[in-house]
Amino acid sequence: MAFDGSVLKCIIDDLKDKLIGARIDKIYQINDFDIIMNLRNGANKYRLLISASNNAPRVYLTEESFNNPQNPPAFCMLLRKHLEGFRIQNIEQYKMDRIMKIDVLSRNELSDTVMKSLFVEIMGKHSNIILTDAEDHKIYDSIKRVNSSMSRVRQILPSLIYEVDSISTAENPLLENSFINNMDKFNPAKNIKNNLIATFTGLSKLSVREICFRAMLDEDRIFNTLGDDEVLRLQNAFDEIMSIFRKSEFHPLLFYKDRTLKDFYSIDLRYIDTKDKKFFDNMSEMLEYFYSTRENNQLVKDKSSNIKKIIKQNIDKEIKKLNKQSDELNEALDRDIYKTYADLISSNYYRIDRNTSSVDLENFYDNMNVVSVPLDEKLSPHENAERYYKKYSKLKNAEKILKNEIEKTKINIEYLQNQQLNLQLSDTEDDIDEIKQELFEMGYIKRYTAKKNKKPKLNFLKYTTPEGDVILCGKNNKQNDYLTLKYANKEDLWFHVKDAAGSHVILRNDRSEFSQQSIEIAATIAAMNSSLKNSDNIAVDYCRKKFVKRHPSKIPGLVIYTNFETLNIKNKDIDLDSLKLS
């Protein structure tokens, strides 16, 4: 994640405005590496999250509530002893590195006023939270103790002196003329990206990529291949970005790739397409949205992984069954050959010897052309004829049965493919539970204990068009069935991708004519919430809801429809997120 020096600077600017002078009311350690501070500044209350976790170190103001352990860890008790009840005096960043210091005016055992410093290092797996004396930086303790066997560079242990210079040896990019003053430190044989990150503190791959984009240079260009004019462009772009950081002209944003949340940053990134960006007014608000969404996505992913395997196994099983049924149907359709064999054998008993594997006979159904008739050596000619008559009769009856069975198998495959798509559309644990319960009811999952009295939430995706029309989109079969068969009015427009798995989409009728723009938006939503979403040209059928009926198979999510029109969706650049309702 791009929690670099600029993101931390943006956070600190906000914390300074809100937390200088704030009283630390309560401190909790909610897990091994996460600290929560409840603070009060006048009439305003705040909750500060500080995390030194390996995979998501971060610091920001949060609105989320957390469960606190009954027995607080030792480091939490230490923080309570030194910081609870005291006020924050200053918050600052070291250079532009990912190191924040919070100074708190505290007291010692003799009730003398002393300053304590809480250092927060946001450095991946090396992240830490360290409490020190503010004057000599003597360490009281840290949330992660680091001994000599863990690091030969710097130990973090009680009574040692906290030294930040040993881990932050690069230059401060916020200083005036920092680029030109430090060019002599660049390695000519390395590329632009590695030189900038190695030379300056707080820069990430995203900031370097933006600098190079504005300089119209490839970040992987070897530095000694740059001409004087290219170096000047790089310098100007670097100075432009640093000026934005220096002036705190931040614009927190999230950005997406293929509609999937990708990363965040502190300023607008011009190299990213506008439709893939989402801006926030506040960095803490943005970070909370990002991390909570990422955590929820991971929970959904973990919870759905086993269901994905079950669905995939059943699809493979049904496809294997379909192939076998198709082979049997082809044999049934070619059954006349067995009646011919039987008739030829019956007409030529006298010519057929026992214990022979085949006989050549004139086919009176085919201009007396000779045909080789296979025989069972253990049977008499009469018994061979009876065997072929029985096989012909059996295949005649099997044709109708197989056609019905093949149709059922195809419906089962369609249902399971719909469930595969439903899992992709699921964004909450409740969505996964609804799918799991339905698969249990359909017999695909053998054991499942449904939550008592748990009704489906039916939290459709909701959109509003620029003209004010409301569009609803189901995320699983229960939602699709309810939306189409119960919730929608008969004059609403119903949309579904043609001949593929997809969500049911309803364009609500407000008793006026549907505009072409609203129809195209609804069709695009149906296309983007289907198994064909990555195709270049997607056919979407739509009709009045009154022409949509439940499928005769009664399988959830499947319908039949008539009186429809088809719209081909080629341009999918509509910003659906901007139309989505909460």
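**Notes on a predicted model: cores, a cavity and one lysine**

1. Start with the largest nonpolar core, which has 83 residues; Leu19, Met37, Leu48, Ile50, Leu196 and Leu287 are the ones that touch the most other members. Helix H6, running over residues 228–246, gives the most to this core, with 8 residues. Keep in mind that you're looking at a predicted model.

2. Leu287 is a handy place to zoom in. Skip its neighbours within four places in sequence, and leucine 287 is still in contact with Phe3, Val7, Ile11, Val59, Tyr60 and Phe264.

3. There's also a second, separate core. This one has 26 residues, and Val505, Leu507, Ile521 and Met528 are among them.

4. Now for the empty space. How many cavities of 30 Å³ or more does the structure hold? Just 1, and about 40 Å³ of space lies in the largest cavity.

5. If you want to find that cavity on screen, look for its lining: Ile352, Asp353, Arg354, Asn355, Thr356, Leu375, Asp376, Glu377, Leu379, Ser380, Pro381 and Asn384. By class, the lining splits into 4 nonpolar, 4 polar and 4 charged residues.

6. Last, have a look at lysine 396, which sits in helix H9 (residues 381–425). Is lysine 396 buried, exposed or partly exposed? Its relative accessibility is 47%, so lysine 396 counts as partly exposed; the exposed class takes over 50% and the buried class under 20%. Try picking out arginine 335 as well: lysine 396 and arginine 335 are 61 residues apart in sequence, yet their C-alpha atoms are 7.1 Å apart in space.

Conventions: Residues are numbered from 1 along each chain as its sequence is written. This is a predicted model: local features need pLDDT of at least 70, side-chain atom pairs count only at pLDDT 80 or more; totals for chains, interfaces and linings use all residues. Side-chain values use heavy atoms; hydrogens and water are left out. Helices (H or I, at least four residues) and strands (E, at least two) are DSSP runs, numbered from the N terminus. Buried means under 20% relative accessible area, exposed over 50%, partly exposed in between (1.4 Å probe, protein chains only). A nonpolar core is a set of buried Ala, Val, Leu, Ile, Met, Phe, Trp, Tyr and Cys residues joined through side-chain atoms within 4.5 Å. Contact means heavy atoms within 4.5 Å. On a 1 Å grid over the protein atoms alone, a cavity is a set of points where a 1.4 Å probe fits but cannot get out, and a pocket is an open set with protein on both sides within 12 Å along at least five of seven lines; lining residues have an atom within 4 Å of a point. Grid points are joined across faces, edges and corners, and a volume is the space filled by probe spheres set on the points. Ala, Val, Leu, Ile, Met, Phe, Trp, Tyr, Cys and Pro count as nonpolar, Asp, Glu, Lys and Arg as charged, and the others, Gly among them, as polar.
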